[in-house]
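Here are my notes for you, written to be read side by side with the picture. Have the viewer open and take the points one at a time.

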Protein chains: 2
Amino acid sequence: MSLKRRSRLSLEEYKSGVLSGDRVGLSRAITLVESTLDSDNELAAKLIDQVYQYTGNSFRIGITGVPGVGKSTFIEAFGRHIIDSDKKLAVLTVDPSSQKTGGSILGDKTRMEKLSRSSQAFIRPSPSGDALGGVAQKTRETMLLCEAAGYDYILIETVGVGQSETAVKNMVDFFLLLMLAGAGDELQGIKKGIMEMADAIAINKADGDNVKNANRAKSEYENALHLFPANENGWLPKVKTCSALNDDGLPSILDLLTEFNIQQNESGYFDQNRKEQAIHWMHQTIHYYLKQNFYKSPEIIEKLAKFEDLVRKGNKHSVQAARTLLNHYFK
Amino acid sequence: MSLKRRSRLSLEEYKSGVLSGDRVGLSRAITLVESTLDSDNELAAKLIDQVYQYTGNSFRIGITGVPGVGKSTFIEAFGRHIIDSDKKLAVLTVDPSSQKTGGSILGDKTRMEKLSRSSQAFIRPSPSGDALGGVAQKTRETMLLCEAAGYDYILIETVGVGQSETAVKNMVDFFLLLMLAGAGDELQGIKKGIMEMADAIAINKADGDNVKNANRAKSEYENALHLFPANENGWLPKVKTCSALNDDGLPSILDLLTEFNIQQNESGYFDQNRKEQAIHWMHQTIHYYLKQNFYKSPEIIEKLAKFEDLVRKGNKHSVQAARTLLNHYFK
């Protein structure tokens, strides 16, 4: 307990740590945000409130693809191009598996060794979270801290097999889906619905014998995307091929991001989307804490498993089970 | 007030009304379920608990498609085939527009005149609801009442432009998407993600000059569906053409449903899916009432619009706004 107290900084120290742009200061503040202690949560909320005026100036990019698609290599190579254009890049990951099994599909920052050595890059692995949407909640707050610390691009990486993608889609400006050609599309295991979220699909590993396959996949995906309706922002999703390994095709993807940014700013949709996301996020935060309060209350912890079992076995109707639990909670 | 009391029946009367299979008795019970009065909600919960043992025996089908695709005509014609096979059919609609504007995209049961005259059919328009998922919540409970009343098929119709489809997907066994050929696919306005939920796509209005287009669209959708991963239930989504107007191709779709039903029962996935849905539904019900309790509390009603405005204008951070509102609620 005394150790805990010593390691916690004051609000002012956290704030200056973030605003100085120092990576250690930023890391400490993120650790505070990720804490599950109520007192830490309160301090974190104050910190974010204090730095809020310095946020919002980055380009927020969601990036997803299943394991094996080469996400680390892609981000490592793509990140170099961002850094070479004299911009600062933060890479955050949302990996729901890391809290369940202790292991992580996305691994940690050792995956992006070169990038992590650059002083213009900041790489932060997935926070621990809970089943109530806590991972996404923490990632949103971490993104704000990175913005306050002066990062120009925020890449939020997800693993493409869970429910995190919808949450991430709701906090980014641009959503990039990485795919492979010739791997048997039905085996790529990308979760249903994700392809339709994409502002662009990048077909990776378009190198060597695979170039032809990649180009064919490009046409196929372009045709498939035509079957979907236009995005409400007026942007038509694009398909690109690239080889992160050979550093091929990446500037073209960076150009695409810039094109998107300009078009969306001119149409006013960039700001409109951010405003809608802010309202959405306020309500998501409310829902998150309402659920947390419920599922963490002692009466519910004691009874939940029993009721789930009754419902699963068909011995109790879902609605009745829910109402009984709610009565215990509200009484 | 006295009028209200007179029009409410006793629990026993509601129960026998439902179990008798009488359409008037069923209608009254649904009105009770749809009520927004707390006392009615309590009685409705008791009613569902009492009839719960008689539920679960129907085949639950979600059906969606944008306005203009011919949903009413399709359901009218398709419904005849179900009735002709000596089964009872209930048609429920979930139309989020009906509560916002007072108008309804889906209209009401006058759309399905022939079907509504059959004693084997029961057609119920969209309940009024609220922004908290109330429409879907009520529809789930209404579905149970229809099952207790002996309906063999429950068709749950949505309009394909809102968020109801995910909720409906989570309460049905089979999800059918109606599409058109040659209408400019990008103009069909089907909400992103819906195509990936479909267990089958039916291309309607495959008649006259449109047959060739419909067949071409069929191939295109089949190709597009191949790009998606297999459903977790092992079922490969099928594409069919039909003309509801000419009563063409509908038995083939009904056969498809039967094939699905047999396959899913043999694999055990039918029951497994129902069990997962029941657990899901219990938690959804909990979340619904937690949110309702929050958003209906006087302090929140008084303050919410102001906080949304602050967030929209960027004067307050979403998380801080959420926490302030939560503090008011929990204090």
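The points below go from chain A as a whole, to where the chains meet, to one residue of chain B.

1. A word before you start: this is a predicted model. Please keep that in mind as you go through the rest.

2. Let's begin with what chain A is built from. Count along it and you should get 14 helices and 7 strands. Chain A has 331 residues, and 55% of them count as buried. Its accessible surface is about 14,300 Å², with 49% of that belonging to carbon and sulfur atoms.

3. Now look at who touches whom inside chain A. Take the contacts with a separation of 6 or more: 76% of them are between residues 24 or more positions apart.

4. How is chain A split into domains? The assignment puts residues 1–54 in domain 1, residues 56–267 in domain 2 and residues 281–330 in domain 3. If you take the centres over C-alpha atoms, domain 1 of chain A and domain 3 of chain A are 32 Å apart.

5. Next, turn to where the two chains meet. On one side 62 residues of chain A are in contact, and on the other 61 residues of chain B. People often describe the size of an interface by the accessible area that is lost when the parts come together. Here chain A and chain B bury about 5,500 Å² between them, and 68% of this is on carbon and sulfur atoms.

6. Which elements of chain A give two or more residues to the side that touches chain B? They are α4 (38–51), α8 (134–148), α10 (211–227), α12 (269–295), α13 (298–312) and α14 (318–330). Of these, α12(A) gives the most, with 15 residues.

7. What about polar links across the interface? The count of salt bridges between chain A and chain B is 0. There are, however, 10 residue pairs in polar contact across it, with both residues at pLDDT 80 or more.

8. Finally, zoom in on B:Arg60, which you'll find in strand β1 (residues 59–64) of chain B. Is B:Arg60 buried or exposed? It counts as buried, because its relative accessible area is 6% and the cut-off for buried is under 20%.

9. Stay with B:Arg60 and check its surroundings. Its side chain makes a polar contact of 2.7 Å with the side chain of B:Glu147. Leaving aside neighbours within four places in sequence, B:Arg60 is in contact with a list of residues including B:Met143, B:Leu144, B:Ile154, B:Phe174, B:Arg274 and B:Gln277. Try picking these out on screen yourself.

Notes: Residues numbered from 1 in each chain as written. Chains lettered and ligands numbered in written order. Predicted model: local features only at pLDDT ≥ 70, side-chain atom pairs only at ≥ 80, totals over all residues. Heavy atoms only, no water. Helix = DSSP H or I, 4+ residues; strand = E, 2+ residues; numbered from the N terminus. Buried < 20%, exposed > 50% of the residue type's maximum accessible area, 1.4 Å probe, protein only. Contact = heavy atoms within 4.5 Å. Areas by Shrake-Rupley, 256 points an atom, 1.4 Å probe, with all protein chains shown as cover. Domains from an automatic or database assignment. Buried area = accessible area lost by both parts, 1.4 Å probe. Salt bridge = Lys/Arg side-chain N within 4 Å of Asp/Glu carboxyl O. Polar contact = N/O pair within 3.5 Å; in protein donor to acceptor, adjacent residues only side chain to side chain.
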